Amino acid sequence: MRDKIWLSSPHMGGNELKYVNEAFDANWVAPLGPNVDGFEKDLESFLNTDVKVAVLSAGTAALHLALIECGTQHGDEVICQSMTFSASANPIDYCGATPIFVDSEKDTWNMCPVALEEAIEDRVSKGKKPKAIIVVHLYGMPAKMDEITAIAEKYEIPLIEDAAEALGSTYKGKSCGTFGRFGILSFNGNKIITTSGGGALVCHNQEDKEKAVFLSTQARDNAPHYQHSHIGYNYRMSNIVAGIGRGQMEVLNDRVEARRKMHDFYVEIFKEIDGVEVFSEPASDYFSNHWLSAIVINSEITGKTREDLRLTFLEDNIESRPLWKPMHLQPVFADAPYYGKNIAEKLFDDGLCLPSGSNLSDDDRIRIKNVINKFFSK
């Protein structure tokens, strides 16, 4: 069996151990310390906007806290992009609320503004104004933020950006994760940078950040004894994990460049193959980190399906993966309302994510190219 080529594997830069060892040497092995503060400042500087960042145990934890800060409670409704990973929707259920799923549009594969407004107006007509809107920057591609932000402001509904896949992506020069009331980042093992696990909540004022930190550290009141007036959570990132993040921040720009080069690699391969579309920016306003490169295969033109290609890759021990299965098609959310047509469903049927890691070698790329060329030449 040949060595496995992964879809998106961790890629260490080398300096992570320096920060981790400093934490051990100073005995800062706790969910606080210099690395936590330093990682937050590094992220705030990178996002290049007047934001405050709280680093947490996971992007999912960040989204949960964002919903809590937006006042989401049992019986409420929250609008969520349907084409996404389940972590974008699960925290809605944590709050006892109901997800209202919205279809994608063809340009960015993200939340369709038309379907979004349709959903809001219908829910309001039923006496259930949504408590928040969760938009996702899928695979690093910025959503149509002008339209979506305008709709959120029109109906006075807080906007939460799930930018878990989009660190380093921008829309009209502004960092993804900084448009809404809150932004969500992830440092899971497969993300563009990783702390092995972890995430961050992007806030626009110190008060929101302090509340997130308070809730994420078990909501302990300011008293000499342990006193609690609110339900709290164990969501704060540790100083050790944050040390890995500080080392990863030193190579973030390099990782974005490498992922974008992988996208260009696929564009070059598929430009001569009819019936295959590489997921790319629709206009110059969009800058994607191309966390994952993806394609859509038109089976009527090619005579082949995305599943045919996935299995062919698998024969050569190369990992690829279908696009996210839309949330409104998931058994766990079968009863949730859905607005839109069938854009997300069609993308799921025909789309495939390709190996995109920043640590892929020239030999890896040759293997990938050979499999693609052989597959489509049959």
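These exercises, each with a worked solution, concern a predicted model.

**Exercise 1. The span of a helix**

Compare the end-to-end distance of helix H5 with the span expected from its number of residues.

Solution. Step one is the count: H5 runs over residues 113-125 and has 13 residues. Step two is the expectation: at 1.5 Å a residue, the helix should span 18 Å. Step three is the check in the model: the end C-alpha atoms of H5 are 18 Å apart, which agrees.

Repeat the check for helix H2, residues 34-47.

Solution. H2 has 14 residues, and 20 Å is expected at 1.5 Å a residue. From the first C-alpha to the last, H2 reaches 20 Å, close to the expected value.

**Exercise 2. Two sides of H5**

Find which residues of H5 are buried and where they sit around the axis.

Solution. Begin with the cut-off: a residue is buried when its relative accessible area is under 20%. In H5, Pro113, Ala115, Leu116, Ala119, Ile120 and Arg123 are buried. Next, take their directions around the axis: they cover an arc of only 160°, so they lie on the same side of H5. Then turn to the face pointing away from that buried side, where the exposed residues Val114 and Ser125 are found. Last, look at what the buried residues of H5 pack against: strands E2 (77-81), E3 (98-102), E4 (132-136) and E14 (338-339), together with helix H6 (145-154).

**Exercise 3. Residues with a positive phi**

Describe the place and accessibility of Glu156 and Lys172, and give the phi of each.

Solution. Start from the general rule. Most residues other than glycine have a negative phi. Glu156 is not a glycine, yet its phi is positive, about 55°. Glu156 lies in the loop between H6 and strand E5 (159-162). Its relative accessibility is 63%, so Glu156 counts as exposed.

Lys172 also has a positive phi, near 55°, and is a residue other than glycine. Lys172 is in the loop between strand E6 (170-171) and strand E7 (174-175). With a relative accessible area of 47%, Lys172 is partly exposed.

Which residue with a positive phi follows H2, and which comes just after H5?

Solution. H2 is followed by Asn48, with a phi near 55°. Just after H5 comes Gly127, with a phi of about 80°.

**Exercise 4. Buried or partly exposed?**

Classify Phe182, Ser216 and Leu311 by accessibility, and place each in its element.

Solution. Phe182 lies in strand E8. At 0% relative accessibility, Phe182 counts as buried. Along the chain Phe182 and Ile160 are 22 residues apart, but their C-alpha atoms are separated by 5.0 Å. Contacts of Phe182 beyond four places in sequence include Ala66, Cys70, Ile160, Leu201 and Asp208.

Ser216 belongs to helix H7, residues 206-216. Its relative accessibility is 0%, so Ser216 is buried. Leaving aside neighbours within four places in sequence, the residues in contact with Ser216 are Leu56, Leu65, Tyr233, Asn234, Tyr235 and Arg236.

Leu311 is in helix H11, residues 306-315. At a relative accessible area of 38%, Leu311 is partly exposed. Leu311 and Glu257 are 54 residues apart in sequence, and their C-alpha atoms are 29 Å apart.

**Exercise 5. Empty space in the model**

Describe the largest pocket and its lining.

Solution. The general idea comes first. Rolling a probe the size of a water molecule over the atoms shows where empty space is left. The largest pocket has a volume of about 320 Å³. It is lined by 21 residues, and those closest to its centre are Phe85, Ala87, Ala164, Ser186 and Lys191. Two elements give two or more residues to this lining: helix H3 (59-69) and strand E8 (182-186). The largest share, 3 residues, comes from H3. Sorted by type, the lining has 9 nonpolar, 8 polar and 4 charged residues.

How many cavities of 30 Å³ or more does the structure hold, and what lines the largest cavity?

Solution. The structure holds 1 cavity of 30 Å³ or more. The space in the largest cavity is about 30 Å³. Among the residues lining the largest cavity are Ser9, His11, Lys191, Gln248, Arg255 and Ser358. By type, the lining of the largest cavity divides into 3 nonpolar, 6 polar and 3 charged residues.

Key. Residues are numbered from 1 along each chain as its sequence is written. This is a predicted model: local features need pLDDT of at least 70, side-chain atom pairs count only at pLDDT 80 or more; totals for chains, interfaces and linings use all residues. Side-chain values use heavy atoms; hydrogens and water are left out. On a 1 Å grid over the protein atoms alone, a cavity is a set of points where a 1.4 Å probe fits but cannot get out, and a pocket is an open set with protein on both sides within 12 Å along at least five of seven lines; lining residues have an atom within 4 Å of a point. Grid points are joined across faces, edges and corners, and a volume is the space filled by probe spheres set on the points. Helices (H or I, at least four residues) and strands (E, at least two) are DSSP runs, numbered from the N terminus. Ala, Val, Leu, Ile, Met, Phe, Trp, Tyr, Cys and Pro count as nonpolar, Asp, Glu, Lys and Arg as charged, and the others, Gly among them, as polar. The expected span of a helix is 1.5 Å times one less than its number of residues. Buried means under 20% relative accessible area, exposed over 50%, partly exposed in between (1.4 Å probe, protein chains only). The arc is that of the directions from the helix axis to the C-beta atoms. Contact means heavy atoms within 4.5 Å.
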